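The report below concerns empty space, surface patches and charged contacts in a single protein model. Please look over the sequence and the structure before reading on.

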Amino acid sequence: MTSMGNAILSPLRPGRLLRGLAVLLLSVSLMAQPVAAQSILRDAETEAFLKEISAPLVAAAGLQPGNVDIILVGDKSINAFVAGGQAVYIHSGLIETADNTNEIQGVIAHELGHITGGHIIRFGEGARGATGITLLSLLLGAAAMAAGSADAGMGVIMAGQQAALGKFLAFNRVQEASADAAGVGFLEKAGISGEGMLSFFLKLRKEEYRYTSTYAEADPFMQTHPMSGEREAALSGDVLKSPAYRNKTDPALEARFKRIKAKLIGYMDDPTTALRKYPESDRSAAAHYARAYAWHRGAYPDKAAEEVAKLVASAPDDPYFRELQGQILLESGKPKEALAPLRMAVKGSRGSPLISSLLGHALLATEDNDNLAEARDVLKVAVARDRENPFAWYTLGMAYARLGDEPRAQLATAERYALIGNTRLAMASAEAAMARIPRGTPDYIRAEDIALSARAEASDKKRR
């Protein structure tokens, strides 16, 4: 579900005929791994919120909540997508644009429709049909050119490419419509109103107006998605008659949504923009949150600390307020002062691995040898609960190194390099760890696994 998918595709010029469709198919195939050029945002509070609001939808879709990840992408555009497996990626810009929790749930329901429909797996079906038409038109066009009719040959190629493009886009629109219908069903089964899905379509429709002077100018047959107005009309009947339509979102969830939206704006927007959106006259928790991040990013640590102090005064046991308090102190060069609020945050969040890794970092940053053992232990628990955090592995490696445990420092380094895709250094670090860790121990077996995987991946790259 993306406004960019509704942008009008311009006709291809003859000089680009042979590569036009190939570029299109390649660009769409890259949707299977678009986050490679984007940043994943990790935030304990946001991840907990997204997990909670998606859990009933995941269950309604017949999936296991523990197997579905909702991942936040640091991108200001209004977009969400699936990329193989059971992962839903949501752009930060989508959350900033949404007005309430229900709109986010409508987006997630739609993306779950893609997962249950196996649409990423079935992508090849659409590509094969389009490619077949393209190849046939190239052969017929080449034959016409060989017979002495260059203009006729070029016309055949152009017509074939246009037909192939239309076939592929039609296939994609069917998948999007199918995901919409499935999403409505998941919302109803979960007892969640579909009102947010409809209202978000209205937002997308407004985005479509930005690309054309009139809505009528957009060619519906040249879009990757059905037009938002059509989607709204097709689904409104089922949404409005659903028994869940009048169901309201828990006010506590709405309050959390406002906080998360505000902190994203404070973090992602230019500080002056964030401060304009949340002026000093706004005394809400969300506004204090946004201003704290904005002041911190703008290098005004004292003003950021003042905003956090107001948050903490209003809710001293809130683990996420304490996390921000500790983060600001740590990043302002006060790691010792950051320890107390971060310990409270870890306790209040029931050992959140992201907050635990921040505590481990702060313990190391004190440069006090008495804190090294605690840092190692905190970080070991953090990576045990969340192995997908390269920074936590990096910090754990530092803790081991400063404690004189070089083999396990090398193993932690291998874990980090494996996560970020550096197979050469992952293999080298894992083999260095294996040379000094007792054979047959769990750490030795893990190092061996990393080395074997890295070696196999390196061999695959050579064969390509």
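What follows treats the pocket, the cavity, a surface patch and the salt bridges in turn.

**The largest pocket**

The model is a predicted one, and its largest pocket has a volume of about 2000 Å³. The lining of this pocket is made up of 50 residues, of which R42, D43, E47, L354 and D386 are the closest to the pocket centre. Helix α2, which spans residues 44-60, contributes ten residues and thereby the largest share of the lining of the largest pocket. Sorted by class, the lining of the largest pocket holds 27 nonpolar, ten polar and 13 charged residues.

**Charged contacts at the pocket**

Three of the residues named as closest to the pocket centre, R42, E47 and D386, also take part in salt bridges with R42 as the shared partner. Between E47 and R42 the closest N and O atoms are 2.4 Å apart, while the bridge between D386 and R42 has an N to O distance of 2.6 Å. D386 sits in the loop between α16 (372-385) and α17, and R42 in the loop between β1 (39-41) and α2, so this pair ties together parts of the chain that are 344 residues apart in sequence.

What is the relative accessible area of R42, and how is R42 classed? R42 has a relative accessible area of 35% and is partly exposed. E47 is likewise partly exposed, at 27%, whereas D386, with a relative accessibility of 11%, counts as buried because it falls under the limit of 20%.

**Salt bridges in the whole model**

The structure holds 19 salt bridges in total, and three of them are set out here, with the distance between the N and O atoms.

| Salt bridge | N to O distance |
|---|---|
| E47 and R42 | 2.4 Å |
| D386 and R42 | 2.6 Å |
| R376 and D377 | 3.1 Å |

In the pair formed by R376 and D377, R376 is partly exposed with a relative accessible area of 26%, and D377 also counts as partly exposed, at 38% relative accessibility. Elsewhere, salt bridges that share partners join D43, E45, R259, K263 and D318 into one network. D43 belongs to this network and is also among the residues closest to the centre of the largest pocket.

**The enclosed cavity**

Apart from the open pocket, the model has one cavity of 30 Å³ or more; the largest cavity has a volume of about 40 Å³. Which residues line the largest cavity? The lining consists of V184, L187, E188, I192, G194, D238, V239 and S242. Two helices, α6 (150-189) and α8 (228-241), each supply at least two residues of this lining, and the largest share, three residues, comes from α6. By class, the lining of the largest cavity divides into four nonpolar, two polar and two charged residues.

**A nonpolar surface patch**

On the surface, F391, Y394 and M398 form a nonpolar patch, and together they have about 270 Å² of accessible area. Y394 is placed in helix α17, which covers residues 390-402. With a relative accessible area of 40%, Y394 is partly exposed, and because patch residues must have over 30% relative accessible area, that value satisfies the area cut-off for the patch. Helix α17 also bounds the loop that holds D386, the loop between α16 and α17.

Note on methods: Residues numbered from 1 in each chain as written. Predicted model: local features only at pLDDT ≥ 70, side-chain atom pairs only at ≥ 80, totals over all residues. Heavy atoms only, no water. 1 Å grid on protein atoms, 1.4 Å probe; cavity = no way out; pocket = protein on both sides within 12 Å on 5 of 7 lines; lining within 4 Å. Points joined across faces, edges and corners; volume = space filled by probe spheres on them. Helix = DSSP H or I, 4+ residues; strand = E, 2+ residues; numbered from the N terminus. Nonpolar A, V, L, I, M, F, W, Y, C, P; charged D, E, K, R; others polar. Patch = residues over 30% accessible without salt bridge, like charges linked within 9 Å, V, L, I, M, F, W, Y side chains within 5 Å. Areas by Shrake-Rupley, 256 points an atom, 1.4 Å probe, with all protein chains shown as cover. Salt bridge = Lys/Arg side-chain N within 4 Å of Asp/Glu carboxyl O. Buried < 20%, exposed > 50% of the residue type's maximum accessible area, 1.4 Å probe, protein only.
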